[in-house]
Amino acid sequence: MSPKSLTWGIIGAGEVVAKKWAPSLMAAPSNRVAAVLDPHRERAQPVATALNTRAARSLDELLDDDSIEIIYLATPHHLHAELGLAVLAAGKHLLCEKPMGRNIAEARRLAQSAAAAGRRLFVNYYRRFHPIVQAAREAITQPEFGEVTFVEFRGTYPMNWEAPWGAAWMWDRELAGGGTILNIGVHRIDILDYLAGGIVEVAAQCEHLGSERVERWISATFRLAGGGCGILVQHGDAHPPEDVLAIHGRKGTVRFAPFDRRLEILRGDQPVVKDYAPPYPPHLGLLEHIAAVLEGRTENTIVGGEQGLKTMELVSAMYTSALTGRMISLGPNSASHYETALSSSSGSAGADA
C-alpha cells in the first residue's frame, strides 16, 4: 500500500532547507509543501518556487492553513521552543531541526507540549536511516561482536575564527545556546547513543562557558549503561581535520573514519572496509519513517522527542560538569539535578543546560 500524501509547511529557508530538504521533499512523491515562511521573504521565495508552492507572509497564515499536517522548523536554535510550541498549539505535528532547543528546559517543554496536544514530535536526526549507520548497527547487534566496552569520538574542524563559517548567530551564545558540540557534535552523539546504548555518567571540560562566545572545544569521558566507558573530543581549532567514531566490543570493532563515508568492521583477523557516499537527497529515509508513524504503521521510537531529549541531556550534562567540576549522572531524575547545579553556578553560562 502506497503512503498517503502528507502536506508540509516549512519555517526557515536557509541553506539546510534550500540544499537538503527541498531536494528531499521533491524526491518523495507522497509529500507536498503548502507554504514556506522566512522572515526574509526574498529568501523564502526561491525555495517556495523550487517546491512549486507559495511563500507565506506570516506565521498566522501558515498555522491557520488547515491543509498543513506537519511543519518542519528549520530556524536558529533560539526560536525552536517558541515557534515549536506555537506549531503544536495550532494542532500540527512538528519536525524540529536539531538540537531541540538551546538547553534541556526548552527541549523538555517541546516534548511535554507534544504529549499534551496529542501531536507527534520528530527531531531531524536523519543519519539514523543512512545505509552506513544501518550496516554498523547490524554488525554491533551480532553475537560475535560482543558487548560494547569502549566508544570514542574525535572530531576536529579547523575553522577561521576571525571570519567564522555560516551564519553569525551560530557564534552568539544567546541565540545558539552552545558551540561546537551543540551545532555539530549532536549528530555524532545521537549516532553513538543509537549504536552503543545509553550513557549514565559524564565528566567534561569546555571553554567559554562564562562568556557570550560559544565554545570552540569540549572534551569528555563517560560511563555506559552496560559498564563500558568512552571518550569524546570535539575541537574547532585543531589540525588536521578528523571525524572518527569508533565502537569497540569484546570481540569486534566498528569504526566510522570518516563519519558518513567509510565504515570499518573488524571481527577476528580480517577487517571489512566499505566506502559509502552520503545519500542524496539525504532525508528520504526520515521522510518515509515520518509518513509511516503518522499513518500508524510504526512507532515513533527512532527520531522522536524522547530520543532528541537524550541527546540534549548528554550535552547539558557535559556543560554542567564543565561548570561545576563534577561528574554528572544521567537518568530518570537527572533533570532537576542539572538545573540545580546550574542555578548554583555564577555567570551567564547557566543558560547552557
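1. Ile231 touches Phe150, Val151, Glu152, Phe153, Ala220, Thr221 and Phe222, leaving out residues up to four places away in sequence. The residue sits in strand β10, which runs over residues 229-235. Ile231 has a relative accessible area of 36% and is therefore partly exposed. Its C-alpha atom is 34 Å from that of Ser24, and the two residues are 207 apart in sequence. The model discussed here is a predicted one.

2. On the overall fold, the protein chain has eleven helices and 15 strands. Its radius of gyration is 20 Å, close to the 20 Å that the globule rule gives for 353 residues, so the chain is as compact as a globular protein of that length. Along the principal axes, the C-alpha atoms fill a box of roughly 55 × 50 × 40 Å.

3. Burial and contacts can be taken together. Of the 353 residues in the protein chain, 53% are buried. When contacts between residues at least 6 apart in sequence are considered, 67% of them join residues at least 24 apart.

4. Next, surface and charge. The protein chain exposes about 15100 Å², and carbon and sulfur atoms supply 52% of that area. There are 34 positive and 39 negative charges in the protein chain, and the mean positions of the two sets are 3 Å apart.

5. Helix α2 covers residues 41-50, and its buried residues are Ala44, Val47 and Ala48. These residues lie on the same side of α2 because they cover an arc of only 100° around the axis. As background, an α-helix has 3.6 residues a turn, so residues three or four places apart point the same way. On the other side of α2, the exposed residues are Glu42, Pro46 and Thr49. The cover over the buried residues of α2 includes helix α1 (15-27) and the strands β2 (31-37) and β3 (54-55).

6. Which residue just after α2 takes a positive phi? That residue is Asn52, with phi of about 55°. Asn52 is a residue other than glycine, and it lies in the loop between α2 and β3. With 73% relative accessibility, Asn52 counts as exposed, since the cut-off for that class is over 50%.

7. The loop between β12 (252-256) and β13 (262-267) contains Pro258, and Asp260 is found in the loop between β12 and β13 as well. The peptide bond from Ala257 to Pro258 is cis, with omega near 5°. Asp260 is not a glycine, yet it has a positive phi of about 85°. Is Asp260 buried or exposed? Its relative accessibility is 14%, so Asp260 counts as buried, the cut-off being under 20%.

8. Another cis peptide bond to check joins Lys98 and Pro99, where omega is about -15°. Pro99 is in the loop between β5 (93-96) and α5 (104-117).

9. Ile68 has its place in the loop between α3 (59-63) and β4 (70-73). Its relative accessible area is 3%, so Ile68 is buried. Apart from neighbours within four places in sequence, Ile68 is in contact with Thr7, Trp8, Gly9, Ala34, Leu62 and Lys92. Ala34 falls within the residue range of β2, 31-37, an element that is among those covering the buried residues of α2. Ile68 and Gly91 are 23 residues apart along the chain, and their C-alpha atoms are separated by 9.7 Å.

10. Met159 lies in the loop between β7 (148-156) and α7 (173-176). At 16% relative accessibility, Met159 counts as buried. The C-alpha atoms of Met159 and Gln307 are separated by 30 Å, with the two positions 148 residues apart in sequence numbering terms.

Notes. Residues are numbered from 1 along each chain as its sequence is written. This is a predicted model: local features need pLDDT of at least 70, side-chain atom pairs count only at pLDDT 80 or more; totals for chains, interfaces and linings use all residues. Side-chain values use heavy atoms; hydrogens and water are left out. Helices (H or I, at least four residues) and strands (E, at least two) are DSSP runs, numbered from the N terminus. The radius of gyration is taken over C-alpha atoms; the globule rule is 2.2 Å times the number of residues to the power 0.38. Buried means under 20% relative accessible area, exposed over 50%, partly exposed in between (1.4 Å probe, protein chains only). Contact means heavy atoms within 4.5 Å. Accessible areas come from the Shrake-Rupley method with a 1.4 Å probe; for residues, only the protein chains shown count as cover. Lys and Arg count as positive and Asp and Glu as negative; His and the chain ends are not counted. The place of a charge is taken as NZ of Lys, CZ of Arg, CG of Asp or CD of Glu. The arc is that of the directions from the helix axis to the C-beta atoms.
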